[in-house]
Amino acid sequence: MIPVHSLWPDTVQLPSFEPLRSDIKTDILIIGGGLAGILCAFMLQNAGVAYALVEERKICSGVTKNTTAKITVQHGLFCDQMLRTLGAEKTQMYLKANQQALDTYRQLCAGIDCDFEAAGNAVYSLNSYSRLDRELSALHRLGVPAVMMELLPLPMRTFGAVSVPNQAQFNPLKFIAAIAKELHIYEHTPVLELAPGRARTAHGVIHADCIIVATHFPMLNKHGSYFLKLYQHRSYVLALKNASNVQDMYVDEADKGLSFRSYGDLLLLGGGSHRTGKKGGGWKELHDFARLHYSEAQVVCQWATQDCMTLDSVPYIGQYAKHTPGLYVFTGFNKWGMTNAMAGAILLRDLLLGKQPDWASVFSPSRSMLHPQLAINAAESSLGLLTPTVPRCPHMGCALKYNPQEHSWDCPCHGSRFTNAGKRINNPATGDMKEK
């Protein structure tokens, strides 16, 4: 039996924190103890701002522990598309934000034992040289020193890859263990009710001037229309021993392609992706690929992760909605959570300090919703609501689908997931599954 768990938790002991046991007052409340929330807390603490972070379980017990931990400004073949849809100025700002994030990781990790190492990042294609060539031209136009690769250390034929040098990879939980230990965190403290300037928990009320919702998928439905602006996407990972070391990081330009990176003597093979609640290749696709191309390899462990996908592939970071002063959101990393989480933490720190970074508008949650993905999300929600089956998701009542690979009930509308026994695994649902 192959262990189903992430590689990272076995490599480090994360610090523990007590639950909240009384009412408190603070300047900033951060809800969510994944990488995004912890980086926010770290930035605010270093800026001398009073804050508190609450996490309903243990820090990094959700999506953060399941990353493949690639730190790169190259988010697929994004530059060519972004130049055409958002224009040169906003594309340059997006790059600037993520480059600042990469530089910040370099500075912080220089003093932390977290297996940080420089590595190139390459986006390859199995079927189109022209797309690679257009992306290379777009990167050069924006001043990114990208190169075209023809020979890749991958076991299948490709049309080459666009590579950006001097990116990075690391162990995310070792990094978090180092920066989180002195932070003001309450674990096992779920927020039961959220109101302007106030959050109620089981054993205390937190009064705060500003609140940051960093709960992977935003928890409030009545503001911001995030149930239409986001959907969730699952992908799978195998950790392989006795497979070739690829040195750098590689990802397919296709949404359902494979990714590769090495960690020590292990190869992390990712892929099998699909919209949450829909059918996809899953672990089976990865096992089939490994048997064909890495026949001597042994699967050490396997796991899956879940990503929030926005309408335009840019995260939502900033004021939760136009009419919610003091309430902020931090979500939608589109599979590139390492740099986007750091960029967002820097942005939110600056906004809360009264600054207005020039790239804030790029990430604004109130930007236009007029994208083709909006119609797809609305159709999926309507289908889920109208499907006459049980069990139902407590989030908005959509019909759940059984996931036989992971033995879970998954929501195709908004991505909530539940165990066979009905216990919630992933939000946006805030409670357990309704009775079958």
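Let's start with a pairing of strands: strand 4 (residues 117–124) and strand 6 are joined antiparallel over seven bridges. If you want one spot to anchor your view, look for Ala119, which sits opposite Gln167 of strand 6. Keep in mind as we go that this is a predicted model.

Now stay with strand 6, because there is plenty going on around residues 161–169, and seven of these nine residues are buried, meaning under 20% relative accessible area. Strand 5 (residues 147–149) also pairs with strand 6, again antiparallel, through three bridges. Here Val147 is the residue to find, as Val147 faces Ser163 in strand 6. Then there's the short strand 3 stretch, residues 70–71, which runs antiparallel to strand 6 and is tied to strand 6 by two bridges. In that pairing, Lys70 has Gln169 of strand 6 as its bridge partner.

Next, swing over to a pair of helices. Helix 1 (residues 35–46) and helix 8 (residues 337–352) have axes that come within 8 Å and cross at roughly 40°. That angle is over the 35 degrees that would count as roughly parallel and under the 65 where roughly perpendicular begins, so helix 1 is oblique to helix 8. The crossing of the two is right-handed.

What meets at this crossing? From helix 1 come Leu35, Ala36, Leu39, Cys40, Met43 and Leu44, and on the helix 8 side their counterparts include Met338, Ala341, Met342, Ile346 and Arg349. Sorted by type, the residues of this contact are 13 nonpolar, one polar and one charged.

Terms used. Residues numbered from 1 in each chain as written. Predicted model: local features only at pLDDT ≥ 70, side-chain atom pairs only at ≥ 80, totals over all residues. Heavy atoms only, no water. Buried < 20%, exposed > 50% of the residue type's maximum accessible area, 1.4 Å probe, protein only. Helix = DSSP H or I, 4+ residues; strand = E, 2+ residues; numbered from the N terminus. Pairing = 2+ DSSP bridges. Axes fitted to C-alpha atoms, helices over the stretch in contact; angles between N-to-C directions. Parallel < 35°, antiparallel > 145°, perpendicular 65-115°, else oblique. Left-handed = near helix turned anticlockwise from the far one by under 90°. Contact = heavy atoms within 4.5 Å. Nonpolar A, V, L, I, M, F, W, Y, C, P; charged D, E, K, R; others polar.
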